[in-house]
Amino acid sequence: MHALPYLTLDRDVRQLPLSAVATFNTQISGGVLTAADAAYDAARKVWNATIDRRPTLIARCLVTSDVQAAVRFAAEHRMLLSVRGGGHHIAGNAVAEGGLMIDLSGMRTIDVDPARRIARVGAGALLADVDRATQAHGLAVPLGINSTTGVAGLTLGGGFGWLTRSYGMTVDNLAAARIVTADAVVHEVSATSEPDLFWALRGGGGNFGVVTSFEFRLHPVGPELHAGLVVFPFAQAHRVLRAWRDFNATSPDELSVWSVLRKAPPLPFLPAAAHGTDVVIFALVHSGSLEAGERAAAPVLDFGEPIASALGPTPYAGFQGAFDPLLTPGQRNYWKSNNFSALGDGAIDVIVTAAAESPGPQCEIFVAQLGGAMARVAADATAFVARDARYVMNLHGRWSEPADDDKVRAWARRSFRAAAAHATGSGYVNFLTEDEGERVAASYGANHARLQALKRRYDAHNLFRMNLNIAPAAERAWQGSA
Ligand SMILES: Cc1cc2nc3c(=O)[nH]c(=O)nc-3n(C[C@H](O)[C@H](O)[C@H](O)COP(=O)(O)OP(=O)(O)OC[C@H]3O[C@@H](n4cnc5c(N)ncnc54)[C@H](O)[C@@H]3O)c2cc1C
């Protein structure tokens, strides 16, 4: 064998001489994997088990110059290119069948400067890595709620979690980033250095290049916060969700209360008889003092008659992993999500019906409460536009057996359509599945045209197309060498 078959950007099959692979291997600090390598199968795995793709090459990048070499190689061969941060996105765009995968998972260095309240974070870091490093100084940046998620993909799409109502989205706390663009040039971007590109990165996904490090602004948080879970029987679902919605109208920004409708996991504080029954779980975190948190969260216990609750002083970094056991990698996943500017009774009815029709024990509905600091940022201040979303509902279709693919997907699609009548019509690119490319323009709303113009400026040939793609304003004919 003198060559490896690969797919071009247009998905034509071409042959890559092994001599080119050997040369490329010398340019990448962590080496280049092919299907012949023992480490190949583990490296191509991502969180969602429905994604089972075989890249022709995996470039294990450890430093920015590796990424430059990989981008140059992909452009030279017009090779289909994907970028892997934490590998969590359900669409699976981190892995390109027949293409080159830039694997950033080895770039996990984190430097915290507690005096300046800044953290510089490598693009392969997971949320747990960042929370551990920043909480050692009593500091944190708003991230997501599952500690094994990658910081890179989360940040580039927007990023929200328990601290978002207090301190904004992850992108609102991004001070600077280092990015390799399609011409393999390194840019240090911030509000004062290439502000257009910096604007596009804050929500524009992986469309503009490969970010190799992020610099975040940090806030004093915890390390212990008032946090925990309150669990109600599903029979009270309408009542407790309405009480939650009404409570949220005046609750302080420091308090975030999300709802989760699913079968009760075997949590130690729940009576055994409740395990496996349908429940509504309110998960909450208060970012201020323990006393203020206890006061602010007390009314949640009165939404109905709880089965049980576990509220109290909780290490913030620990609570960041609270949902990890429900969101383990290796299961099949298909998600659909809607944004709501308000949660009317009609929307609540749809959510409760969807939960009642849940097609399997791992399926669940998460409804995140947003607003607060996030909503006070102008919609055109960052590429992320949906500042009016007060709630994001995520229908987590999750199952084990391929035989259940159609059943679970049909449930998610049906429930999504029913909820759409009550939703804003925009979406969150970090939650879109691979068949939702048509939702990208609506997800960026009034910012889409500016993003398309910037995509043309920085990636006119759409080298970075394995993502929720923003098409360049007008694609130019390719002038590369291959
Ligand atoms: C279990 C679970 C829980 C989640 N919870 C939350 C949550 O609470 N809040 C929230 O906001 N989101 C949440 N998400 C969504 C999450 O933000 C996205 O899945 C995000 O894309 C994950 O980032 P990643 O680096 O792990 O993903 P990857 O799959 O590695 O990357 C996703 C895409 O991002 C791009 N990308 C990744 N790294 C880079 C880089 N360095 N440079 C350029 N482009 C890059 C690529 O286009 C890639 O295809 C959750 C997802 C899961 C699966």
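**Why the ligand and T155 get their labels**

Of the 34 residues around the ligand (a heavy atom within 4 Å of it), G85, G86, G87, F160 and Y428 come nearest. The model is predicted, local features need pLDDT of at least 70, side-chain atom pairs count only at pLDDT 80 or more, and totals for chains, interfaces and linings use all residues. Residues are numbered from 1 along each chain as its sequence is written, and side-chain values use heavy atoms, with hydrogens and water left out.

Student: What makes the pair of G86 and the ligand a polar contact?

Tutor: A polar contact is a pair of N or O atoms within 3.5 Å; within protein, one must be able to donate a hydrogen and the other to accept it, and residues adjacent in sequence count only if both atoms are side-chain atoms. A backbone N or O atom of G86 is 2.8 Å from a ligand oxygen, so the pair qualifies. For G150 the distance from a backbone N or O atom to a ligand oxygen is 2.9 Å. The protein buries 97% of the 950 Å² that the ligand exposes when taken alone (Shrake-Rupley method, 1.4 Å probe).

Student: Why is T155 called buried or exposed?

Tutor: Buried means under 20% relative accessible area, exposed over 50%, and partly exposed in between (1.4 Å probe, protein chains only). T155 has 0% relative accessibility, so T155 is buried.

Student: Where does T155 lie, and what does its side chain reach?

Tutor: T155 lies in helix α5 (a DSSP run of H or I, at least four residues). Its side chain reaches the backbone oxygen of V151 at 2.7 Å.

Conventions
Helix = DSSP H or I, 4+ residues; strand = E, 2+ residues; numbered from the N terminus.
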